[in-house]
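Got the viewer open? Let's take a short walk through this one, stop by stop.

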Amino acid sequence: MAANIGIMDSAYFVGRNEILGWINDRLQLNLSRIEEAASGAVQCQMMDMAHPGVVPMHKVNFDGKTEYDFIQNYKVLQDVFSKLKIDKHIEVNRLVKARPLDNLEFLQWLKRYCDSINGGLMNENYNPVERRTRGGNRSIRGPQKNSKSLQTNNSVNSGSCDEDPVVLRRTTSTGTKNMKLGANTSLEIQALTKENTDLKLSVDLLEKERDFYFGKLRDVEVLCQTPELEKLPMAMAIKKILYAADENEDALAEAQEIVSELVNAEETGLSDDN
């Protein structure tokens with residue numbers, strides 16, 4: 001099962017476009033960015049497709065907008081993992097921040113898991129749109145005012161301004177303040193837009209750097225898998241580290257022990273020759 005897979009597993013080499021295509025095809029969605037799946041609703045429905053009837057879809061909020069809404073979805077997902085005895089910790093605090101890299105890695109793991117169920121074959125009887133209607137959808141609407149009341153208030157305010165110069169001056173002052181507030185808001189929007197652009201560039205650079213080092217590790221893995229080398233102690237020690245499950249602190253110690261045994265054997269052989 002894909003609950004614990006090493007960082008060198010092929011699952012983590014699946015690109016964002018393939019992940020988005022997989023989600024959109026299976027769930028009949030139209031996601032264009034990985035972070036759009038940060039709410040956890042997509043992950044819940046993927047598990048619902050893989051294990052029909054296990055996910056309480058009425059608790060899944062597909063219209064969640066806040067981190068609180070997202071956390072509730074991940075609680076549902078974690079409960080499903082517990083029911084299925086899937087030993088996978090969900091980094092909720094990182095996922096709800098909608099960071100592309102964190103969400104990509106979790107979705108890569110999820111795709112690997114779903115592919116391991118029924119050979120990755122899609123349940124043709126599963127209707128994703130119908131199942132989503134059973135989720136906790138809600139529309140957030142702001143307070144609405146009666147248009148007639150607004151017209152009446154405008155008429156009263158207009159008449160008051162004509163009759164009272166003090167009211168007119170106050171209205172003019174308020175308008176000036178609003179203009180200044182609008183200008184400040186525009187500057188803030190520009191600053192936030194620039195900051196967002198810079199963050200996206202930083203993420204792209206980090207992903208390129210990660211792909212570069214993953215490629216290097218992949219080359220090392222392929223080399224260690226060659227028939228001439230795969231049984232050598234050094235190759236076995238390297239693979240011990242590469243294939244270690246997440247948070248396995250014993251992998252390095254075990255690899256060092258293999259190398260130590262190799263060195264001791266070589267020293268013993270030299271002593272015998274002398």
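**The whole chain**

Start with everything shown as a surface: about 18200 Å² is accessible, and 53% of that belongs to carbon and sulfur atoms (Shrake-Rupley method, 1.4 Å probe). Bear in mind that this is a predicted model, where local features need pLDDT of at least 70 and side-chain atom pairs count only at pLDDT 80 or more, while totals for chains, interfaces and linings use all residues. Residues are numbered from 1 along each chain as its sequence is written, and side-chain values use heavy atoms, with hydrogens and water left out.

Now switch to cartoon: you'll see 10 helices and zero strands (DSSP runs, H or I of at least four residues for helices, E of at least two for strands).

**Into the core**

Next, select Ile23 and Met47, which have the most contacts inside the largest nonpolar core, a set of 41 residues (buried Ala, Val, Leu, Ile, Met, Phe, Trp, Tyr and Cys joined through side-chain atoms within 4.5 Å; buried is under 20% relative accessible area, 1.4 Å probe, protein chains only). Colour α1 (16-27), α2 (41-50), α3 (67-83), α4 (92-95) and α5 (100-116): each gives two or more residues to this core.

Zoom in on Ile23. Beyond its neighbours within four places in sequence, its contacts (heavy atoms within 4.5 Å) include Val42, Met46 and Leu107.

**Over to a pocket**

Finally, select Glu35, Ala98, Pro100, Lys200 and Val203, the closest to the centre of the second largest pocket among its 20 lining residues. α8 gives the most to that lining, with six residues.

Definitions and conventions. Buried < 20%, exposed > 50% of the residue type's maximum accessible area, 1.4 Å probe, protein only. 1 Å grid on protein atoms, 1.4 Å probe; cavity = no way out; pocket = protein on both sides within 12 Å on 5 of 7 lines; lining within 4 Å.
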